[in-house]
Amino acid sequence: MAGDIMDVHPDSSGWVVRPGNEADLAEIVLLERETLTAPHWSAAEYSAVLKWSGDGGLRRCVYVAAQGRFLAGYAVGSAVGVGHEAEAELESVVVRDELRRQGLGSALCRAVMEWSRREGAAAIALEVRAASAGAVKLYGGLGFVATGRRPRYYHDPADDAVVMHCALSGKRPSSVGADLYGDAVLF
Ligand SMILES: CC(C)(COP(=O)(O)OP(=O)(O)OC[C@H]1O[C@@H](n2cnc3c(N)ncnc32)[C@H](O)[C@@H]1OP(=O)(O)O)[C@@H](O)C(=O)NCCC(=O)NCCS
């Protein structure tokens, strides 16, 4: 992943979506712990993702929406395989409660979708709690369509998983919000 993107678009509100790094780790873990519906991983697992070097064919990315070191949210993605075999997954997206409905979740998803496209994936998949109607709507707005359901997939609280897919088609995802600018999505 590229390093921090320090410049901000002149007409932005100051939020930058950039690759996450080790200095973001504590805030990512804190934010995840506050978010019941987020996938829960240990700090060591996040650290491994942030340091990931692509061993074994699995690549990971973490993007954060930030102003300096203050994080509004983060997203995690992964890709395996190469060429037409490449498969990508949007593993997690979380936005701080008080900063939702401003386009940050969409921008984080778009960053992972663009990363996945660059990794060669023709499509990206995800699983989402059936009860997370807002998240399902967010993904639908980005071009994801529901392709299946896994009954009782989640615990604490129990829920079905809705499986969704989105074709990346070699093009940049073109939905909501911000411009992609190198590795950063700027507002
Ligand atoms: C899901 C989540 C990431 C959305 O983040 P966000 O920054 O609010 O998303 P956006 O502002 O980009 O929303 C874009 C669109 O998605 C839909 N949407 C998002 N949240 C919604 C909600 N709670 N209810 C209804 N629609 C919602 C809307 O269509 C919205 O557009 P609008 O605000 O113009 O109506 C955020 O609510 C969150 O962190 N939830 C807890 C964690 C979670 O469940 N993550 C998903 C599974 S990992």
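Okay, helix 1 and helix 2 first: they sit oblique to each other, because their angle falls outside the named ranges (under 35 degrees is roughly parallel, over 145 roughly antiparallel, 65 to 115 roughly perpendicular, and the rest oblique). Helix 1 covers residues 25-33 and helix 2 covers residues 43-50, and the two pack at about 130° with axes 10 Å apart. Those axes are lines fitted to C-alpha atoms, over the stretch in contact for helices, and angles run from 0 to 180 degrees between N-to-C directions. The crossing of this pair is right-handed, where right-handed means the near helix is turned clockwise from the far one by less than a right angle, and left-handed means anticlockwise.

Two bits of housekeeping. This is a predicted model, where local features need pLDDT of at least 70, side-chain atom pairs count only at pLDDT 80 or more, and totals for chains, interfaces and linings use all residues. Residues are numbered from 1 along each chain as its sequence is written. Helices (H or I, at least four residues) and strands (E, at least two) are DSSP runs numbered from the N terminus.

Now the strands; two of them pair if DSSP finds at least two bridges between them. Strand 4 and strand 5, residues 123-129, run parallel with 2 bridges, and A88 has I124 of strand 5 as its bridge partner. Between these strands the chain goes through helix 3, a right-handed β-α-β crossover: with the strands pointing away from the viewer, the path from the first strand over the helix to the second runs clockwise.

Strand 5 also pairs with strand 7, residues 159-167, this time antiparallel over 7 bridges. There, V128 stands opposite V162, and A125 is opposite H165. Strand 7 pairs with strand 6, residues 145-154, as well, antiparallel over 6 bridges, with R150 bridging to A161.

So what happens in the hairpin of strand 6 and strand 7? It has 4 residues between the strands, and D156 takes a positive phi near 50° there. D156 is joined to P157 by a cis peptide bond, omega about 0°, and P157 is in the loop between those strands. Another one to look at is R101, with a positive phi of about 65° although it is not a glycine; R101 is in the loop between strand 4 and helix 3.

Last stop, the ligand. Which residues come nearest? Of the 23 around the ligand (C-beta atom, placed from the backbone, within 6 Å), they are R100, G105, S106, G134 and L138. Strand 4 (87-95), helix 3 (104-118) and helix 4 (133-141) each give at least two residues to that shell, and helix 4 has the largest share, 5 residues. By type, the shell has 10 nonpolar, 10 polar and 3 charged residues; Ala, Val, Leu, Ile, Met, Phe, Trp, Tyr, Cys and Pro count as nonpolar, Asp, Glu, Lys and Arg as charged, and the others, Gly among them, as polar.
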